[in-house]
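Good morning, colleagues. I should like to take a few minutes on one structure and consider some of its helices and loops.

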Amino acid sequence: MSKEFNKVALSFHAHPDDAEAWNAGVLKLLKDKGYKIVIASMTAGDLGGCNMTMKETAKLRIEEAKKAASVLDAEYYMLGGTDGFLFDTKELRLKAISLMRKVRAGVIFTHLPSDYHSDHRTTANIVETAAMVSSLDTVPVKEKPLEITPLLYHTSPLTLSDPLGSQIVPPHFFVDIKTAIETKKKMLGYHISQIELMKHMHKMNDFFGYVLEGNRNYGKMAGVEYAEVYWQHLGGGFQKEPQVQNDLSEFLINKMS
Ligand SMILES: [Zn+2]
């Protein structure tokens, strides 16, 4: 018998704009299917400011993230890790478990374990280990254990390569996000501080255009205009119910064209 996982999708990434960049299309489609959306970041992205202190940047970026989340009527949480200095600690794992329990997560999205960014890899590890024990009543947090371990999915950075440039396992599935693209643009558009930062860091004038270009490239691989790519955590410790794939079946593309 197939199991039902709570229709609460928790997008759990490292920095305040990660959910918008890698996951927003699917979050919008899931919202339309009746899911409650929750967005969380491990850090406030406090290194990502220009001409501001880390404290000022954190405040600004949390405000930007809340505005972006509100587009999907989503709650936004920040776990208090430090941008660029994120470590996998007992404290952060316990906070992650508390959050998963508080929002009664059924489906969790996080970075790939082989992502290019160190904070992303650390986040993937914290989220995976936290999710794996989120239903155990021996964990010392006050929130009630989840009835069932949530399903875990991984989101992608802009390329399908590991930090050394090798090709990674091809996406398990592509999602056609054409109907969600305006929502995704609107959410990205609230992260105004990042436009300035990318000009400064990478001399990149149109960061969000660059993100959308990534969605267009994935779209090309899948034979549609815009796509996001996903992997389900099938390597053990988690159920393999394809709930997201089933709920988004009309947008799903299993193979590269
Ligand atoms: Zn990030």
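A residue is called exposed here if 12 or fewer other C-beta atoms lie within 10 Å of its own, and buried if there are 20 or more. The model before you is predicted.

I begin with the loops. D73 is found in the loop between α2 and β3. Is D73 buried or exposed? D73 has 9 C-beta neighbours inside 10 Å, and therefore counts as exposed. Its phi is near 50°, a positive value in a residue that is not glycine.

R104 also deserves attention. This residue sits in the loop between α3 and β4, and its phi, about 55°, is positive although R104 is not a glycine. R104 counts as partly exposed because it has 17 C-beta neighbours inside 10 Å.

I turn next to a pair of helices. The axes of α3, residues 90–102, and α4, residues 118–132, come within 9 Å and cross at roughly 55°. The two helices are therefore oblique to each other, and α3 passes α4 in a right-handed crossing. On the α3 side, L92, R93, A96, I97 and M100 make the contact, and on the α4 side I126, V127, T129, A130 and A131 do so. By type, the contact residues divide into eight nonpolar, one polar and one charged.

Finally, which residues of α5, spanning 181–189, are buried? They are T183, K184, M187 and L188. Viewed down the axis of α5, the buried residues fall within an arc of 135°, so they line one face of the helix. Their cover includes α1, α2 and α7.

Key:
Residues are numbered from 1 along each chain as its sequence is written. This is a predicted model: local features need pLDDT of at least 70, side-chain atom pairs count only at pLDDT 80 or more; totals for chains, interfaces and linings use all residues. Axes are lines fitted to C-alpha atoms, for helices over the stretch in contact, and angles run from 0 to 180 degrees between N-to-C directions. Helices (H or I, at least four residues) and strands (E, at least two) are DSSP runs, numbered from the N terminus. Angles under 35 degrees count as roughly parallel, over 145 as roughly antiparallel, 65 to 115 as roughly perpendicular and the rest as oblique. A crossing is left-handed if the near helix is turned anticlockwise from the far one by less than a right angle, and right-handed if clockwise. Two residues are in contact if their C-beta atoms, placed from the backbone, lie within 7 Å. Ala, Val, Leu, Ile, Met, Phe, Trp, Tyr, Cys and Pro count as nonpolar, Asp, Glu, Lys and Arg as charged, and the others, Gly among them, as polar. The arc is that of the directions from the helix axis to the C-beta atoms.
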